[in-house]
Amino acid sequence: MRNLLRNDFYKLGKAKYFWVCLIVTVVLAAASVFLLDFTYKIAGDQMSAQMEQQQKALDDNGVNITTEGVPASYDELSASGQLLSFFAGNTTLLLAVLVSLFVGSEFNNGTIKNIASRNYSRGKIYLSKLIVCIITGVVFTLIYAAVSTAVSSALWGFGDISAGYWPDFFKAAGIELLLGSAFVSIFVMFSMLIRQNGGSLAANICFLEFISLLVMLGEMLLKKLFHITATLSNYLIDTNMTAVSAGLTRATAIRGVTVAVCFLAAAAIIGIVSFQKRDIK
């Protein structure tokens, strides 16, 4: 297992797409803060009213999203206030691309067939890919958060913090990283199932972009047509990321950890079982 991990880290580090994704992560982290700064400057005093209108529209349509925790004015912006939001799924699209290219290239180049011929078990091969991708995802998220925090501190200052800020922050950041790892587990599963760069990339991006949209659309239809209020989106990964970043409570923490563990484990089990039963061509 140790040799598999070492080889996977080595191959990933040598890949050009890894460094491209890393550079894009740094640029995106800085650009997102500047964009947020520009948005609040343009909106001015109207931001609070806009937030209220958006929340009312979301509630009326039965969409289970809240604007709670969003700064109501430019003066409320601070690095400490936005720190958790920097962990909340900002790198998932890049990770979907990175995982698809990394795992898909193993099949395209015939590398994974050679590894399997060396008497390594299929389960260990899969777990090696999964562990490497999860660690990479954590590193990318931490880099994104570090760059965003540095830029936002320069623009707005770090801000005042309470005595219990850091303990709550580390708990919430840990849950965010766990939820991000659940996304990575799903990306690895699709990549191992499809076994092609293009197909796995399309599947991963579609899952990332459209699952939440479809679930929320279903909630809206239930609300409009049958006057039934459903909260299925409470059990989606990205919804829990948003909930945790808005403010950690006992309920959001338990639900976030449960959702993360269930998605991570389910995707890993499906991927391993499929990989063990299918032939490698």
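Colleague: Where do I start with a long helix such as H11, residues 250-277: how far apart are its end C-alpha atoms, and what should its 28 residues span at 1.5 Å a residue?

Modeller: The expected span is 1.5 Å times one less than the number of residues. For H11 that gives 40 Å, and the end C-alpha atoms are 41 Å apart, which agrees. One caution before we go on: this is a predicted model, where local features need pLDDT of at least 70 and side-chain atom pairs count only at pLDDT 80 or more, while totals for chains, interfaces and linings use all residues. Residues are numbered from 1 along each chain as its sequence is written, and side-chain values use heavy atoms, without hydrogens or water.

Colleague: And what are the span and the end-to-end distance for helix H2, residues 16-43?

Modeller: H2 has 28 residues, so at 1.5 Å a residue it should span 40 Å; its end C-alpha atoms are 40 Å apart, and the two agree.

Colleague: Let me zoom out. How many helices and strands does the chain have?

Modeller: There are 11 helices and zero strands, with helices taken as DSSP runs of H or I of at least four residues, strands as E runs of at least two, and both numbered from the N terminus. Reading from the N terminus, every element in the order α-α-α-α-α-α-α-α-α-α-α is helical.

Colleague: How much of the chain counts as buried?

Modeller: Of the 281 residues, 42% do. Buried is under 20% relative accessible area, exposed is over 50%, and partly exposed is in between (1.4 Å probe, protein chains only).

Colleague: Which residues of H11 are buried, and which helices do they pack against?

Modeller: An α-helix has 3.6 residues a turn, so residues three or four places apart point the same way. In H11 the buried set includes Gly256, Val259, Ala260, Leu264, Ala267, Ala268, Gly271 and Phe275. The buried residues of H11 pack against H5, H6, H7, H8 and H10. In H2, the buried residues include Phe18, Cys21, Leu22, Thr25, Ala29, Ala30, Val33, Asp37 and Tyr40.

Colleague: How do I follow H2 to a neighbour?

Modeller: Try Val151, which sits in helix H7. Val151 has a relative accessible area of 16%, so it is buried. Leaving out residues up to four places away in sequence, Val151 touches Ala30, Val33 and Phe34, a contact being heavy atoms within 4.5 Å. Ala30 and Val33 are among the buried residues of H2. Also, Val151 and Ala79 are 72 residues apart in sequence, yet 8.4 Å apart in space, C-alpha to C-alpha. Across the chain, 82% of contacts between residues at least 6 apart in sequence join residues at least 24 apart.

Colleague: Which residues touch the most other members of the largest nonpolar core?

Modeller: A core here is a set of buried Ala, Val, Leu, Ile, Met, Phe, Trp, Tyr and Cys residues joined through side-chain atoms within 4.5 Å. The largest one has 63 residues, and Tyr126, Val188, Met192 and Phe275 touch the most other members. H8 supplies the largest share of this core, 14 residues. Take Met192: apart from residues up to four places away in sequence, Met192 touches Val103, Phe107, Ile112, Tyr126, Lys129, Phe275 and Arg278.

Colleague: What about empty space inside: how many cavities are there of 30 Å³ or more?

Modeller: Three turn up in a search of the whole structure. A cavity is a set of points on a 1 Å grid over the protein atoms alone where a 1.4 Å probe fits but cannot get out, with lining residues having an atom within 4 Å of a point; its volume is the space filled by probe spheres on those points, joined across faces, edges and corners. The largest cavity holds about 80 Å³. It is lined by 15 residues, and Gly137, Thr141, Leu177, Gly180 and Ser181 are the closest to its centre. Helices H5 (92-108), H7 (122-156) and H8 (165-194) each give two or more lining residues, with the largest share, five, coming from H8.

Colleague: And which residues line the second largest cavity?

Modeller: That space, about 60 Å³, is lined by Phe183, Phe207, Leu208, Ile211, Ser212, Leu236, Ile237, Asp238 and Phe263. H9 gives the most, four residues.

Colleague: Last one: what is unusual about the phi of Asn119 and of Arg195?

Modeller: Most residues other than glycine have a negative phi. Asn119 has a positive phi of about 70°, and Arg195 has a positive phi of about 65°. Asn119 lies in the loop between H6 (111-116) and H7, and Arg195 in the loop between H8 and H9. Asn119 is exposed at 75% relative accessibility, whereas Arg195 is buried at 10%.

Definitions and conventions: 1 Å grid on protein atoms, 1.4 Å probe; cavity = no way out; pocket = protein on both sides within 12 Å on 5 of 7 lines; lining within 4 Å.
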